[in-house]
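Morning, everyone. I'd like to take a few minutes to walk you through a structure, so have a look at it before I start talking.

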Amino acid sequence: MKKTGRSQKSDEVGVKLEEILDKTHGLYQLANRLNWDYLIESCGAYYSEAGRPGVPIRVMAGLHYLKYLENESDESIVEKFCENPYWQYFCGFETFQHRFPCHPTTLVKWRKKVGIEGVEKLLEETINTAKREALLPEKLCRRLNVDTTVQEKAITFPTDAKLFYKMREKLVDAAAHRLIPLRQSYVRVGKKSLRMQYQYRHAGQMKRAAKETKKLRTYLGRVTRDIERKSPLIDEKLANQLALSRRLIKQKKTDKNKLYSLHAPEVECISKGKTHKKYEFGCKVAIATTCKEPWVVAVKAIHGNPYDGHTLKETVEKAEEITEVKAETVFADRGYKGNKSVLTFR
């Protein structure tokens, strides 16, 4: 694994980026002020010396900085990388690149590899750089704004019929991959029931639509039990899929902690009282910022959709840990009312 900073050299002979870029550009200056060695050393612990060398940490960290700075997706940040020389210089390349730095899925795998602790290192280095450049004095960190929002997941609007159909498809594919003979796969009748369910709902015939939904639930239950009977040794991945299937079959409309997405079981249904969007599907996130300057000093994911006031203490503690400054005054909205902590409402 390469742990150096600006050691990325292109195979192609060309003019160095330093000679053609504007030295006053924001990204050019930021690239020279961030402590990349600290990020490489901090995230290097999550890499293994065995196997094929991974994408250098400088490149992965730089892509994530650019991704959130420009509000881009994993796919778009990789595609636009070859068009912007400032992005390439920021990620540690010396000459202009004509190839993608990595596949978009590599960004997802890297986030899973470094986890929450690794991503927090990126925010921590941002704050430390601002403090070194005298852009974030300690007096700003003593007065904080705290609020919560919903980080929505990339899922479609969940319906029972669609979840039953997709879960059955996943189990049928898993059984075929493991050579488990199924009594019936319900591929043809399942597709027909899903289509009829959509048509009945569109026509307002809810009783007929509910009947088709019940059929899809029955098909899923039969496939689940068939796999459990015919596979005495169940691996971990298949066991997780069967657990999701049983959870999906048993859940009812009024249950709490329902399953809304198969690829993201942790998704929760959260209502923040918004007129234009009554329900949001994702995870509650607590954010702490400074009052006078828009510096984000702490971001924390809160699972379980707790009361906002119960998240205040850990959010302020996380901000104090990152900034190394004791918070004196915390401002919050009325959603935190009732908390016994010292809090100023506005």
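I'll go from the overall layout to the pockets, then to one helix pair and a few single residues.

First off, what you have there is a predicted model. The protein chain has 12 helices and 6 strands. Along the principal axes, its C-alpha atoms fill a box of roughly 65 × 60 × 40 Å. There are 346 residues, and 42% of them count as buried. If you take contacts with a separation of 6 or more, 67% are between residues 24 or more positions apart.

Okay, pockets. Rolling a probe the size of a water molecule over the atoms shows where empty space is left. In this model the largest pocket holds about 2300 Å³ of space. Its lining is made of 42 residues, and closest to the centre you'll find Y68, R111, V119, Q151 and V299. Several elements give two or more residues to that lining: α1, α3, α6, β1, β3 and β4. Which of them gives the most? That's α6, with 11 residues. In terms of chemistry, the lining of this pocket has 23 nonpolar, 9 polar and 10 charged residues.

The second largest pocket comes in at about 980 Å³. Here 34 residues do the lining, and D160, K252, K253, K258 and Y260 lie nearest the centre. Who supplies at least two residues each? Four helices, α8, α9, α10 and α11, along with the strand β2. From α10 comes the largest share, 5 residues. By class, we have 16 nonpolar, 7 polar and 11 charged residues lining this second pocket.

Let's go back to α3 and α6, which both line the largest pocket. These helices pack with their axes 10 Å apart, at an angle of about 75°. The range for roughly perpendicular is 65 to 115 degrees, so α3 is roughly perpendicular to α6. On the α3 side, the contact uses M60, A61, L63, H64, Y65, K67 and Y68. On the α6 side, you have T106, L107, W110, R111, L122, E125 and T126. Sorted by class, the residues of this contact are 8 nonpolar, 3 polar and 3 charged. Two names there should ring a bell: Y68 and R111 were also on the list of residues closest to the centre of the largest pocket.

Now for some single residues. Take V325, in the loop between α12 and β5. Buried or exposed? The relative accessible area of V325 is 9%, and the cut-off for buried is under 20%, so V325 is buried. Setting aside neighbours within four places in sequence, V325 touches E138, C141, R142 and E320. For a sense of scale, V325 and L171 are 154 residues apart in sequence, and their C-alpha atoms are 51 Å apart.

Last bit: backbone angles. Most residues other than glycine have a negative phi. N71 isn't a glycine, yet has a positive phi of about 55°. You'll find N71 in the loop between α3 and α4, and N71 is exposed, at 71% relative accessible area. N257 also has a positive phi of about 55° without being a glycine. N257 sits in the loop between α11 and β2, and with 66% relative accessibility N257 counts as exposed.

That's my tour, thanks for listening.

Key: Residues numbered from 1 in each chain as written. Predicted model: local features only at pLDDT ≥ 70, side-chain atom pairs only at ≥ 80, totals over all residues. Heavy atoms only, no water. 1 Å grid on protein atoms, 1.4 Å probe; cavity = no way out; pocket = protein on both sides within 12 Å on 5 of 7 lines; lining within 4 Å. Points joined across faces, edges and corners; volume = space filled by probe spheres on them. Nonpolar A, V, L, I, M, F, W, Y, C, P; charged D, E, K, R; others polar. Axes fitted to C-alpha atoms, helices over the stretch in contact; angles between N-to-C directions. Parallel < 35°, antiparallel > 145°, perpendicular 65-115°, else oblique. Contact = heavy atoms within 4.5 Å. Buried < 20%, exposed > 50% of the residue type's maximum accessible area, 1.4 Å probe, protein only.
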